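Trainee: I have a structure open and want to go through its charged pairs. Can you take my questions one at a time?

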Amino acid sequence: MSAEQTAGNGADGAGIVVSDTTGDRWETVVGLEVHAELATATKLFSSAPNAFGDEPNTNIDPTSLGLPGSLPVLNRRAVELAMAVGLALNCDVRPCVFARKNYFYPDMPKNYQISQFDQPLNVDGYLELPDGRRIGIERAHVEEDTGKNSHVGGDGRIHGAEHSLIDYNRAGVPLIEIVGRPDLRSADDARAYVSELRAVLVAIGASDGKMEEGSLRIDANVSVRPVGSDELGLRCEIKNVNSLRSLGRAIEYEARRQVDVIEGGERVRQETRHWDEEAGRTRPGRSKEEAEDYRYFPEPDLVPLVPDPDWIAKVAEGLPPLPAERRRRLAEAAGVLPAQVALHVERDLDHLALAAIERGGDPARVVNHVEHNLAVDGAEALDPGYFAALVTMEVSGELTATQAKAVLAEMVTSGRAPAEIAAERGYEAMDTAALDVALDEVIAEHPDDWAAYVAADDPKKAKKLAGFFVGKVMKATAGQADGKAVNQALAARRAASGG
Amino acid sequence: MTALALAAAVRSGARTATDVLEEHLAVIDRLDGEVAAFNLVTAELARAQAEAVDAAVARGEDPGPLAGVPVALKDNLCTRGIPTTCSSRILEGWRPPYDATVVTRLVAAGALVVGKTNLDEFARGASTENSAFGPTRNPHDPSRVPGGSSGGSAAAVAAGFVPIAVGSDTGGSIRQPAALCGVVGLKPTYGLVSRYGLVAFASSLDQIGPFATTVADAVACLEVMAGHDPLDSTSIPEASPALQGVLADGVDGLRVGVVSELLGEGVAPEVATRTRQAAEALAAAGATVEEVSVPATRLGLSAYYLIAPAEASSNLSRYDGVRFGLRVDAPTTGEMMERTRTEGFGEEVKRRIMLGTYALSAGYYDAYYGKAQRVRTLIARAFAETYADHDVLLSPTSPTTAFAFGAKTDDPMAMYLNDVCTIPTNLAGHAAVSVPYGVGDDGLPIGVQVLAPALGEAVMGRVAAALERSAPTTPPPTLGSRPADATTSGTDTSAEGVR
């Protein structure tokens, strides 16, 4: 089967590609290069504004246009944000040198990009995923962004276009390029890595992390190797992935394509490929053989950047708690694994959960409510004391799970105390006697169903009928019965009837 | 009249700036046809500036240390709204939207910008023959070159068109034409004068400096231009040095080394003789003078001709027809860039782009650019050792007096050898000044160079002033006795027109 025909039928969730022809198993290996625009007020080397969405060619000045005689002056804030990223990614922050990367392209005003080459600012770090795995970071260096071309006429691509327009608003915007090691093994891994990285960037205020506005851009280096092998295969660099979904699809497609190439008796060509979202496939771009020689050399218009240890320490002190740390804290307090509270941190509700636990709320119930019942606007403003009180009422049996959920929802909208809401709604937990009476009535009303339930051999059928009876009891009690208690009573009654 | 005498007259109200200006414009109008020092005479701009100076004097305000002094600017210094051509076709029609820092400072000091002077295209050359607008002639002999690349500025001062002109020096481009034209030319310590607004040739070597008829005028101009500029990252973070006050201090007790490597092979005997006479004069004035060997200076030329073209190849990439200057249309963007650069750049510029591109190429970087940078370190170290025992060094500025047009245009290597005495200073980032010291057998001026360590301008000025006091007279040029050359058009002073 050719690669074209297997689009959408790539590597599985664990990144293993099973060959259609031989049944051999191949491992997907992914390393990501992420470019993030740093959230500064002005550009990396001049005082022109750094803003998205403005009228074309309004945020410009001699330096961002590369006019003759203009010179770059390094933006201190950009360096601080870049150091914060490095520190958050557990990198060594080191003295560094800017270098010119020379190539001709009309959206690049000077026809060289000021970047960092052999002496980057941040090296040798890692990003911790929610499941605890550490993904290596080779380097995170600072560089300037290019302008933006739009091609008019033709199909919007450079070839066949009638003319091109260039917007230099983005030229000179500060970027940090975060080069990850090839430690990822699947599309799911890659998505988890980008989500986590984005959360870190947003948490420290380094970037808004908006993929749709291009402030976060991803290139994926993908290769495959036989399962069990330690060697790296020849990789392709996949560009033009503009969403997490595209990233996953592109990696899965590309892994399958490479397996097909290898099994077809050919070698994977090391090249840049572009993800075509509509076609669901990657297409070859520039191959590395004909790649340009960037003629890097130290940027003579700038002096080496040697961050003072005190300055680094100050930036480190200013870092807020990072997602991994926040997961660890909540997980510890709740007695669960960090991965189980990833969502809580992602929704920025870990502080609420921690505070509720501190105020005596049952950790398991608190964590459960946050995960399932608080994915709503305004949840972050919930009073942790009230939240803890609600959980305590639920655990003590004053409220059923269903009632607690309803009260919680109203707490979010009204900000009132749970006891007050419960009283107003007339919620009080039913005692066992009242539940028994209700159950008796329901069984009496449905004798045939009851007989079928008691006699059912098929667990599926039994479960279905149990659900039927629980539903009837809940209805009869107007939702005041505790679902768990009803289930227990029902099971006990069935056992007593010989089922 | 010297610049300082003119400024004193204008500040005291004895003369008006307007009167001074019109006198100089008349001379330019009458005689620049013979010299072709100017690419453009900015009479209207200068008249407005003169009126502002006169108004300030009338109000009783101090219009600044260079009040009413006409100044010519090398045409690679950006002037807002005024064409800045670098004597290249490729900048055709470009008017910078900003002033170079030195222009801002000169005008703030009361100077009057009378025009933009000719140069070797993009400052690449040593004769001002590589100009898209034709050569400038040596005021002392119209069949000879004025030197270069700041030939227009040197000739403008030598011809008496202006008391002060500004040039740039990357490998000798101020000092060599100063020597050939019989004026003072000073290359300050790298970083002392802001490069903001100087169209870059080789960023790590370029430095702006003054031409004048006296050492005092030269340092007065330097005082105005020097001092930290936040727009240039390589600008030294110090205030402008006070230099005029030390010039009369004499050289008693100073230790002067005459560089033996720069007196031997390749240096015309008459030039060596004048240099020895200068050394003797200093000894007579109380200095300790000895010959000193600095073998590393011999390495300068080869290192320079790798570093300068390498940086230049990158600096010149921005001239691509996309944003400013010449555009030669073609079906695709790539071809448009190629044709624009092919037609816009002259031969010498192309030669250096090729050299530099090669020196930076993958696989050659270490052998060429990398090694040249290591040689540069060696030269700086050798100078440091020499300066441990010497306050200044002495050498010829140029190995010969002014040569005839075309004498070296077919032999780039012979042309490059012109810079052998001046290049080591640029590589080390040090200061040096050329002082006129009589004439050679051909009756043409000879310059002697005083070299000083970084920020050694004060001691260098003292020695230069002592040389000036002892120098044999240089007969003034005899312009006006011959008709304007047919190959160089007269200069229109009534309006601003590019040649």
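What follows is a short exchange on salt bridges and one further residue in this predicted model.

Trainee: How many salt bridges does the structure hold over all chains?

Mentor: Side chains of opposite charge can pair when their charged atoms come close. The count here runs over all chains. The total is 56 salt bridges.

Trainee: Which residue forms a salt bridge with Arg100(A), with the closest N and O atoms 3.0 Å apart?

Mentor: Start from Arg100(A), which sits in strand 4 (residues 98–102) of chain A. Its partner is 199 residues apart from it, in the loop between strand 15 (297–298) and helix 4 (309–317) of chain A. Both residues of the pair are buried. The partner is Glu299(A).

Trainee: Which residues does the network that includes Arg100(A) join?

Mentor: Salt bridges that share partners build this network. Its members come from chain A and chain B. They are Arg100(A), Glu299(A), Asp301(A), Arg195(B) and Asp232(B).

Trainee: Arg181(A) and Asp124(A) meet in a salt bridge. How many residues apart are they?

Mentor: The N to O distance is 2.8 Å. Arg181(A) lies in the loop between strand 10 (174–180) and helix 2 (187–203) of chain A, while Asp124(A) lies in strand 6 (residues 122–128) of chain A. In sequence they are 57 residues apart.

Trainee: Why is Asp124(A) classed as partly exposed?

Mentor: Buried means under 20% relative accessible area and exposed means over 50%, so partly exposed covers what lies in between. Its partner Arg181(A) is partly exposed at 30%. Asp124(A) falls in that class because its relative accessible area is 47%.

Trainee: Arg326(A) forms a salt bridge with Asp350(A). Which helices does the pair tie together?

Mentor: The closest N and O atoms are 2.7 Å apart. The two residues are 24 residues apart in sequence. Arg326(A) lies in one helix and Asp350(A) in another, so the pair ties together helix 5 (residues 323–334) and helix 7 (residues 350–358) of chain A.

Trainee: Is Asp350(A) buried or exposed?

Mentor: Buried means under 20% relative accessible area. Arg326(A) has 10% and is buried. Asp350(A) has 2%, so it is buried.

Trainee: Now Val71(B). How far apart in space are Val71(B) and Thr128(B), C-alpha to C-alpha?

Mentor: Val71(B) is in strand 2 (residues 70–74) of chain B. It is buried, with a relative accessible area of 1%. Beyond its neighbours within four places in sequence, its contacts include Leu106(B), Val114(B) and Ile164(B). Thr128(B) is 57 residues apart from Val71(B) in sequence, and the distance in space is 19 Å.

How values were computed: Residues numbered from 1 in each chain as written. Chains lettered and ligands numbered in written order. Predicted model: local features only at pLDDT ≥ 70, side-chain atom pairs only at ≥ 80, totals over all residues. Heavy atoms only, no water. Salt bridge = Lys/Arg side-chain N within 4 Å of Asp/Glu carboxyl O. Helix = DSSP H or I, 4+ residues; strand = E, 2+ residues; numbered from the N terminus. Buried < 20%, exposed > 50% of the residue type's maximum accessible area, 1.4 Å probe, protein only. Contact = heavy atoms within 4.5 Å.
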